[in-house]
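Let's take a walk through this one together, helix by helix and ring by ring. Have a look at the model first, then read on.

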Amino acid sequence: MSPAPQAVGELPALDPKGAARRRFTRAGLGAGGVILTLHSQPGMAAGSLATCASPSGFMSIKTASHNPANSCSNNRSHGYWKTHSSAWKSRTGTSPTTRFADVLAARGSYSGLKNFTLLEILEQPNPVKAIDRNNVAMQIVTALLNARSSAMSGIPSVLAEDKVVAIWDEFSLKGSYRPTGSATPWTGAQLAAYLETTFR
């Protein structure tokens with residue numbers, strides 16, 4: 001005798017072992033969704049510009065809340081430093097008239113910046129803007145001032161001065177910056193966008 005025909009979409013009756021397997025499969029699918037959601041967070045962070053993280057932390061969401069040693073609380077924007085040049089000496093130990101080449105390597109397509117002052121790099125007059133098209137030098141000078149300000153205040157910064165210099169050295173030599181060993185190198189626009197996340 002053949003079994004009774006089933007209606008479309010109706011599941012066949014299962015023995016106890018089959019019902020248990022079905023429940024396990026359904027639970028596994030639910031857990032898989034959670035795992036996939038957790039696994040996709042780094043990609044979400046990169047797209048949403050998580051704030052206050054080292055370059056490698058930016059790639060894996062190690063924000064200040066996960067790593068208290070990283071702080072952006074003392075960091076200011078390029079606009080702040082541009083309009084508060086009188087505070088540079090007391091807050092950073094740096095003169096606004098310091099030449100770019102005295103603190104950062106002016107090489108490759110950025111060699112034309114060597115005689116501009118740090119303040120001029122932030123002000124972006126047309127000759128600077130023509131060289132610093134993606135504002136990388138402007139954001140690096142901002143990060144340098146923030147690093148020095150944090151050091152003078154005794155506040156650990158998300159980017160210490162040696163890290164800022166290392167980022168600039170790699171970018172000015174290669175035309176890109178790789179935040180971690182296996183990551184796709186960042187373009188100038190991507191690097192400038194990241195640096196903007198390190199200040200308020």
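**A covered helix and some rings**

Start with helix 9, which is mostly covered: 15 of its 18 residues are buried. Keep in mind that we're looking at a predicted model here. Does the length of helix 9 (residues 136–153) match or miss what you'd expect? At 1.5 Å a residue, its 18 residues should span 26 Å, and the end C-alpha atoms sit 25 Å apart, which agrees. Right after helix 9 comes Gly-154, with a positive phi of about 75 degrees.

Next, helix 11, which runs over residues 188–196. Its buried residues are Gly-188, Leu-191, Ala-192, Tyr-194 and Leu-195. Look down the axis of helix 11 and you'll find these buried residues within an arc of 160 degrees, so they line one face of the helix.

Now for the rings. A pair of aromatic rings is described by the distance of the centres and the angle of the planes. With centres within 6.5 Å as the rule, the count comes to 7 aromatic pairs. One of them joins Tyr-80 and Trp-81, edge-to-face, with 5.2 Å centre to centre and 80 degrees between the planes. How exposed or buried are the two partners? Tyr-80 counts as partly exposed because its relative accessibility is 21%, and the cut-off for buried is under 20%. Trp-81, at 0% relative accessibility, counts as buried. Tyr-80 has another partner to show you: the charged end of Arg-76 sits over its ring, 5.9 Å from the centre.

Then there's Tyr-110 with Trp-168. Their ring centres are 5.0 Å apart and their planes stand at 75 degrees, so this pair is edge-to-face. Where do the two residues lie? Tyr-110 is in the loop between helix 6 (100–103) and helix 7 (118–123), while Trp-168 belongs to helix 10, so the pair ties together parts that are 58 residues apart in sequence. Both Tyr-110 and Trp-168 are buried. Along with Phe-100 and Phe-171, Tyr-110 and Trp-168 form one aromatic cluster.

Stay with helix 10 (residues 161–174) for one last stop, Ser-172. Ser-172 counts as buried because its relative accessibility is 8%. What does its side chain reach? The backbone oxygen of Asp-169, at 3.3 Å. If you leave aside the neighbours within four places in sequence, Ser-172 is in contact with Ala-105 and Arg-107.

Terms used. Residues numbered from 1 in each chain as written. Predicted model: local features only at pLDDT ≥ 70, side-chain atom pairs only at ≥ 80, totals over all residues. Heavy atoms only, no water. Helix = DSSP H or I, 4+ residues; strand = E, 2+ residues; numbered from the N terminus. Buried < 20%, exposed > 50% of the residue type's maximum accessible area, 1.4 Å probe, protein only. Polar contact = N/O pair within 3.5 Å; in protein donor to acceptor, adjacent residues only side chain to side chain. Contact = heavy atoms within 4.5 Å. Arc of directions from axis to C-beta. Phe/Tyr/Trp six-rings, centres within 6.5 Å; stacked < 30°, edge-to-face > 60°. Lys NZ or Arg CZ within 6 Å of the ring centre and 35° of its normal. Expected span 1.5 Å × (residues − 1).
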